[in-house]
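Dear colleague,

Please find below the structure for your review. A short account of what was found in it follows.

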Amino acid sequence: HNIADLVTLVENINPSLAKKLAGAKRLTKYAVDYRYPGAANRPMTRVKARSAAKLADKVFKLISAKKK
C-alpha cells in the first residue's frame, strides 16, 4: 500500500514515468488511513476526496497508457 515505494520501483525501470507519478505518493495515506475505520486522525472532506480521486485517475491513466 505504500505508493512511494511503488514509485521508487518504477524509477528503476522508467525514470520519466516516475517523475510524472511523483505526486502520487500522497495517495499512500488514503490507502490506509481512510480505508480502515478509526485509522484516520482527521475526517475526510469532500475536497480531499475529490482531490485524491482526481490524482488516482491521473495515475491510472498514466499507467494504463504505458501498458499499451
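The chain contains 4 helices and 0 strands. Please bear in mind that this is a predicted model. Read from the N terminus, the order of its elements is α-α-α-α.

As to overall dimensions, the C-alpha trace spans about 35 × 20 × 15 Å along its principal axes. The chain has 68 residues, of which 18% are buried. Contacts between residues at least 6 apart in sequence were also examined, and 55% of them join residues at least 24 apart.

The interior may be of particular interest to you. The largest nonpolar core comprises 10 residues: Val7, Leu17, Ala18, Leu21, Ala24, Leu27, Tyr30, Ala52, Leu55 and Val59. Two or more residues of this core come from each of helix H2 (15-21) and helix H4 (46-67). Val59, one of the core residues, can be examined individually. Once its neighbours within four places in sequence are set aside, Val59 contacts Leu21, Ala24 and Leu27. These three partners of Val59 are likewise listed among the members of the core.

Turning to the surface, the chain exposes about 5400 Å², and 58% of that area is supplied by carbon and sulfur atoms. With regard to charge, there are 16 positive side chains and 4 negative ones. The centres of these two sets are 9 Å apart.

With kind regards

Notes. Residues numbered from 1 in each chain as written. Predicted model: local features only at pLDDT ≥ 70, side-chain atom pairs only at ≥ 80, totals over all residues. Heavy atoms only, no water. Core = buried A, V, L, I, M, F, W, Y, C linked by side-chain atoms within 4.5 Å. Buried < 20%, exposed > 50% of the residue type's maximum accessible area, 1.4 Å probe, protein only. Contact = heavy atoms within 4.5 Å. Areas by Shrake-Rupley, 256 points an atom, 1.4 Å probe, with all protein chains shown as cover. Lys, Arg positive; Asp, Glu negative; His and termini not counted. Charge placed at Lys NZ, Arg CZ, Asp CG, Glu CD.
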